[in-house]
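Here's a walk through the fold, one piece at a time. Keep the viewer open and follow along.

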Amino acid sequence: MDAEARIGVYLCRRGTGIADAVDFHAVAEYVAKAHGVRLVRDLGFLPALDPAELAAEIAREGLDTVVIAGDSPGFFKPAFTRAMADAGGDPLRVRLASFREHAAGMRDATDRAKATLACAVLGVPYGLAALPDTTSVHPDTLIIGGGVAGIQAALEVAGADKKVYLVERTPTIGGHMAMFDKTFPTLDCAACILTPKMVAVGQHDKIELMTCAEVQEVTGTPGSYRVKILQRAKRVDADACVACHACMEVCPVSVPSEFDDGVTTRKAIFMAFPQAVPNAYVIDAEHCTYVQSDGQRCGACLKKCAKEAIHFEETDRVVEVEVGNIIIATGYDIFDARRIERYGYGTYPNVVTALEFERLTNASGPTGGAIVMKTKKHNRRTKQDEWVFAPDGPRPKSIAIIHCVGSRDANFNPYCSRVCCMYSLKFAHLVKEKLPDAQCYEYYIDMRAFGKGYEEFFERIKEEGVFVVRGRSAKVTGSEDSLVVRGEDILSDKLLEFPVDMVLLAVGLEPARGSEKLATLLRIPRDQDGWFSEADYNTDPTGTERGGIYVAGVCQGPKDIPDTVAQAAAVAARVLRSIVSGRGRDSRDSVSLPEIERRARERAGAST
Amino acid sequence: MAILANPRLVGELEHYGAGDVVKCYHCGNCSAACPFSKEPFIFPRKSMRYLQMGLEDKLRGNLEPWLCYYCGECSEQCPREAEPGEVMMSMRRWLTAQYDFTGISKLFYKSWKAELSAIVAVALLTGLGFWWWGATHGDIRHYDGPQAFLASSFVHAFDWIMGGVLLALLLTNCARMWWFSMGRSRINVPLTEYVRRAWLLPVHFLTQKRYRECEKKRPWAVHLALMLSYVTMLVLIMFFLHAFQEGPEISWPHHSLGYLATIGLIGASVYALRGRIRRSETHYKHSHETDWIFLILLLYVAVTGIVQHALHRFGAGHAANILYLAHMMGVVPMLVLEVPFSKWAHLAYRPLAMYFSELQGAAILAREKSAAPAVRARAA
């Protein structure tokens, strides 16, 4: 910068929002003291600029540089360029300081505006002076949640040769998608897509898979987080276990299977499903007779295991790792249909939720994929009658699917769960495919077939003979073996009330239990519905308010599998960028005003 | 026939309390939840749709609001908090205003200040009028006998004249109601049907048996008690007023009925007031200004009535006469303004609507039945 610089600063406003946030008077006073500034003029709101007058002023003051500052300084630039040329100066020495770009909407807007203006006076691009410092970013990444989002993100990050810790609460990765039968709208087999990815995660040498584990404590700063992970005792050595099932066969304890959403049972030593990853048994200590009796009773599996893989003495332990970035991919839980009593879930055996129906139609499910009604079976152990899905159970002749159960409802969840319309159409197709003579009714409010190929899928289902009824039904009445659904058919102005064999509730999605705890742990906000808040809805859907912490999949808001996978891959790109560039946090307001000024002066000094 | 849509209708109905109707997204939950919603009258959703679309003419002939008893099931379940029950209530208010040809009803529903001013004006006129009559024809110290301040014969004559005027007004409004809903409707109901089913009218009026079909029974019981007390009191006053003034021996058949009716009136109005203050039940959650005026006036009339009676029976003739004046200053505005123009009018409209709707429903179903083979043939 030449010592003789004679700079004129002109402040102008176009809008009102920024003018309210920034104290223009303070900015003018501040810049008047800057080196080389001869003239500061506040032209006010939308001034009518006369180039001839400006030229006269520039010539009178002998200005060689003009800085236009304000919310949209570029709007006023043509007048100044012409005035500069008319005054015989260099028309290229008209600089802009845009408060809209660099100050508006941030904390300390006035300070930001001062810094922006100081940079313009010194002739240094603000972006360069305000660039945050590079920090050393730890190359390892923690991913919380092993559903399809966590799996996809882990494979992307690990695929770039960066280490990943994948922490999963349950004994296997796969999440909800592993429970599904088909995906919409392509009707691909969900397991056929997911299990190869699960195996790839299990075998990847850059992925350290931690199942039966939970994040307990997170300290540190972006780029360097120290994380304590509680590794629950599995009591079976995963490396030694060969999944021969001998232990399971002798285990006397039966509890509802989480993987089958409670419609079947599993043993206390169990593998969630045959393709589980890690492909090894675990012991459910809470229900194991041996653990609960302190080794006094049972122990049948211990005697049976030929590989001596069972270690009852194993205890929970805490693992501490250091990571540069954390990806949250904790997914969702389904809405508890019991909360809407009038649909009779929990009262009538043949009112089932979508997740139960997924297991029912799934070839690996309790009936081998046959759609049946529940039958009453006597349980000899509990001496009680139970309603179970038996492979030889009666086939339903009519099925009603009720949409928006718990979603778009001010009494429960106000938001749309985004997947229910499409999975309901998929179910209707599966019913028609497996039971061509069965009648299938869809009671919907609005059909949200918004994705690629979704509308076409909807049309296809209608052609398959499914009765699509506009009108959410209000109640399900009846008895154990006959149900009556009452609803209004709005488009044909009829009140429908007729018996069906089975009612399927298209339950919505809710933030996974434990989300609140995790949000406190990571110190990131959640929205009013409990989903993790993204940094910016449009431009940063994977970031969070805290640097180095990202979100992927349904935990950020309901979405389907394609969107979840896309977001998971996107988040991996963000993580890799931070590792490669060494910038843990890409946010300009991490640098203070004096620091920006100091750097700008340094750069200006260096350039002369 | 061209259908005219009035885009300002929702805005107008807001004055009657239907502001939340715009939230409705037509899921049909309310129509399926309503215990009264049956073919061919499926409500309340369809009425809400008419309102959103501004189909004023269709709504004017709509009987469905009168078939609703506001049990609140629809509002409790509504996923949009569009308050279908309150919208139906507002439509009843709006219909009352539509049936009334004078426009007074509309004014009262839209402005509680106008209604209150009218009540005060009528009360003052009544007070002055009776005072002047009493002072010129009797003595304020005497409650009964030849020198009675307000002799029962005089009040009786006044009652009959007032009753005649009110009845004429109410009947005109009922005729308009018939014209909107039945007369100009394309569904033809033969006169023989009107006669054949005429028995429905007194049955619905006296038993309110449809209200009993609601899941909750208490609102029905309270409403029936209030209505029966009211009617009993009306009959006692219109026909047996003298029995209450003459003394000193008490005519127990009249008095026991009168006490029962007073208990019913005070009990029901206190119950409703408390419910509205505490918003204890769904149908008490939203209160229009006219609801408050109605209840307070009713309670005032019942209390002043029983107090003046007590004073009279305990021999305080002077005080009894003053209270009697105060009582009349409540009764006259209540009857003159509330019966033809406000909430009391529903004592005629509701049973009429039940009667009309059954006639209309039977006609619609009969027509559908005869048309059904043709539809089936077309479908095939």
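## A long helix in chain B

Let's start at the end of a helix: right after α14(B), Arg279(B) takes a positive phi of about 50°. Keep in mind that this is a predicted model, and that most residues other than glycine have a negative phi.

The helix itself, α14 (residues 252-278) of chain B, has 27 residues. From its first C-alpha to its last it reaches 38 Å, close to the 39 Å expected at 1.5 Å a residue. Which of its residues are buried? They are Gly258(B), Ala261(B), Gly264(B), Leu265(B), Ala268(B), Ser269(B) and Ala272(B). An α-helix has 3.6 residues a turn, so residues three or four places apart point the same way. As for what the buried residues of α14(B) pack against, look for α13 (218-245) and α15 (289-313) of chain B.

## Two cis prolines in one loop

Stay in chain B and go back to the loop between α2 (29-33) and α3 (45-53), where you'll find Pro40(B). The peptide bond joining Glu39(B) and Pro40(B) is cis, with omega at about -5°.

Pro44(B) also sits in the loop between α2 and α3 of chain B. The bond leading into it from Phe43(B) is cis too, and here omega is near 10°. For context, most peptide bonds are trans.

## Chain A as a whole

Now over to chain A, whose secondary structure comes to 18 helices and 30 strands. Its radius of gyration is 32 Å, well over the 25 Å that the globule rule gives for 608 residues, so chain A is more spread out than a compact globule. If you want a feel for the dimensions, the C-alpha trace spans about 105 × 65 × 35 Å along its principal axes.

How much of chain A is buried? Buried residues make up 46% of its 608 residues. Among the chain A contacts with a separation of 6 or more, 69% are between residues 24 or more positions apart.

## An open parallel sheet

Four strands of chain A make an open sheet with parallel pairing, and their order is β2-β1-β3-β4. At the edges stand β2 (37-45) and β4 (94-98) of chain A; each has a single partner strand, so one side of each is left without a neighbour in the sheet. From one strand to the next, the twist averages 20°.

Zoom in on β1 (residues 7-13) and β3 (residues 65-70) of chain A, and you'll see a parallel pair with six bridges. One way to get your bearings is to find Gly8(A), whose bridge partner in β3(A) is Val66(A). Helix α4 (residues 77-86) of chain A packs on the sheet, where it touches β3 and β4 of chain A, and its direction makes about 155° with that of β4(A). Another helix, α2 (residues 24-32) of chain A, lies across β1 and β2 of chain A and runs at about 165° to β2(A).

## Where A meets B

How many residues does each chain bring to the contact? Chain A gives 16 residues and chain B gives 17 residues. On the side of chain A that touches chain B, the largest share, three residues, comes from strand β26 (residues 483-489) of chain A. Sorted by class, that side of chain A has five nonpolar, four polar and seven charged residues.

Strand β26(A) is also half of a hairpin with β27(A), with four residues between the two strands. In the turn, Asp493(A) has a positive phi of about 55°. The strands run antiparallel, and seven bridges join β26(A) to β27 (residues 494-500) of chain A. Across the pair, Glu488(A) stands opposite Leu495(A) in β27(A).

## Two more positive phi values in chain A

Leu187(A) is not a glycine, yet its phi is positive, at about 60°. You'll find Leu187(A) in the loop between β7 (182-183) and β8 (188-189) of chain A. Is this residue buried or exposed? Leu187(A) has 14 C-beta neighbours inside 10 Å, so it counts as partly exposed.

His245(A), again not a glycine, has a positive phi of about 70°. This one is in the loop between β11 (224-231) and α10 (246-250) of chain A. His245(A) counts as partly exposed because it has 14 C-beta neighbours inside 10 Å.

Technical notes
Residues numbered from 1 in each chain as written. Chains lettered and ligands numbered in written order. Predicted model: local features only at pLDDT ≥ 70, side-chain atom pairs only at ≥ 80, totals over all residues. Pairing = 2+ DSSP bridges. Axes fitted to C-alpha atoms, helices over the stretch in contact; angles between N-to-C directions. Contact = placed C-beta atoms within 7 Å. Rg over C-alpha atoms; globule rule 2.2 N^0.38 Å. Buried ≥ 20, exposed ≤ 12 C-beta atoms within 10 Å, placed from the backbone. Nonpolar A, V, L, I, M, F, W, Y, C, P; charged D, E, K, R; others polar. Expected span 1.5 Å × (residues − 1).
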